[in-house]
Amino acid sequence: LPVLQGQVAVAQKGELVQAKDVPVSVQVSYIAGGAAANLPVQVSALARPKSLHFADYDTYSFNPPRGQATASGDGEGDARMEGDDQRVIADKLPLTLDRNGSGKLSVKDVPAAKQPRQLLLEASYADPNGEVQTLRSSSTLWPAAVIAGIKTEGWVSLGGGGKQSIHFQALALDLNGKPKAGVPLEVRAQARITTSSRKRMVGGFYSYDNKTEVKDLGSVCSGKSDERGLLLCDAAIKDAGEVELVASAKDGDGNKAQAAASVWVTRQGELWFGGGDTDRIDLLPE
């Protein structure tokens, strides 16, 4: 059984909004009582993506906008989200606890993120029982003191005139998931056009090379959220295909939070979704 017990946590009140340095506190004591004085500890920190979900707004998207990178192969590369990676921002920082079994240090150079990220803290020490014990805790790194969300229709069919209004809702929440009024909101649209070329491979199979072009359609809606945290929008879209709507919300300090969702716009003619290497049918004689 372990001889020591403790905790590691962020030594700051309030939320971490655009934090560049994060103070960390460590406290270790003996299970039987008494502080673990002068105990050497190693502190590490990892930042990784964090997905948002709120039960009252499960029909809204809080996903970040997709990157501008082009895709190849199976056509799924362009679906990768910005910031969809994890990074070690502190690796085994040394810390010696004081006579009360506590200590503090600062995790510096925290990378700025455009989307919410999870900050995972770990503190490791040698337990007298011969094992290395690790304490863990997690916090959230916020890009702004507000959360942006968006709700769209999945499909819209263009009318005979070639234009059709898309109905969607932009949402502003506080960091506790409650609606926030008076938040400046803006929604921009961009069309994603995928072009595919098919190559014949060894064995009679085919492979697809997909290239995605992003066309900026500009701002389609702006205003401030009402008491429900909503901004109701209608926008006329003339481009057929996939249109990504990106909602931006600004807090009082000018920090920006973003959320995106896609809508497919149809009209006379065909739509191209991009080919994948698994898009094939095997015909068997028996």
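# Notebook: cavity, sheet and two buried residues

**Cavity.** I searched for enclosed spaces and got one cavity of 30 Å³ or more. The model I am reading is predicted. I looked up the volume of the largest cavity and found about 50 Å³.

Next I listed its lining. Leu 52, Phe 62, Gln 115, Pro 116 and Pro 143 line the largest cavity, along with Val 146, Ile 147, Ala 148, Ala 257 and Gln 258. I then asked which elements give two or more residues to that lining. They are β9 (147-152) and β16 (256-266).

**Ser 61.** I moved on to a serine in a loop. Ser 61 sits between β4 (40-49) and β5 (87-96). Buried or exposed, I wondered of Ser 61? Ser 61 counts as buried because its relative accessibility is 14%, and the cut-off for buried is under 20%.

I checked its side chain for polar partners. A polar atom there lies 2.7 Å from the backbone oxygen of Ala 260. I also pulled the contacts of Ser 61, leaving aside neighbours within four places in sequence. Ser 61 is in contact with Ala 148, Gly 149 and Ile 150, and also with Ala 259, Ala 260 and Ala 261. Ala 148 is also among the residues that line the largest cavity.

**Thr 140.** I looked up a threonine next. Thr 140 is part of strand β8, which covers residues 132-142. Its relative accessibility is 14%, so I noted Thr 140 as buried.

What does Thr 140 touch, if residues up to four places away in sequence are not counted? I found Leu 16, Lys 50, Pro 116 and Arg 117. Pro 116 was already in my notes as one of the residues lining the largest cavity.

**Sheet β1-β3-β6.** Last, I traced a sheet. Three strands make up an open sheet, in the order β1-β3-β6, with antiparallel pairing. I noted β1 (4-10) and β6 (102-107) as the edge strands, since each pairs on one side only. I also looked up the angle between neighbouring strands of this sheet: they are turned by 20° against each other on average, direction ignored.

Then I took one pairing in detail. β3 spans residues 22-30 and pairs with β6 over six bridges, in the antiparallel sense. Which residue of β6 stands opposite Ser 25? I read off Lys 104. As a reminder to myself, strands of a sheet pair through backbone hydrogen bonds, either parallel or antiparallel.

Conventions
Residues are numbered from 1 along each chain as its sequence is written. This is a predicted model: local features need pLDDT of at least 70, side-chain atom pairs count only at pLDDT 80 or more; totals for chains, interfaces and linings use all residues. Side-chain values use heavy atoms; hydrogens and water are left out. Helices (H or I, at least four residues) and strands (E, at least two) are DSSP runs, numbered from the N terminus. Buried means under 20% relative accessible area, exposed over 50%, partly exposed in between (1.4 Å probe, protein chains only). Contact means heavy atoms within 4.5 Å. Two strands pair if DSSP finds at least two bridges between them. Axes are lines fitted to C-alpha atoms, for helices over the stretch in contact, and angles run from 0 to 180 degrees between N-to-C directions. A polar contact is a pair of N or O atoms within 3.5 Å; within protein, one must be able to donate a hydrogen and the other to accept it, and residues adjacent in sequence count only if both atoms are side-chain atoms. On a 1 Å grid over the protein atoms alone, a cavity is a set of points where a 1.4 Å probe fits but cannot get out, and a pocket is an open set with protein on both sides within 12 Å along at least five of seven lines; lining residues have an atom within 4 Å of a point. Grid points are joined across faces, edges and corners, and a volume is the space filled by probe spheres set on the points.
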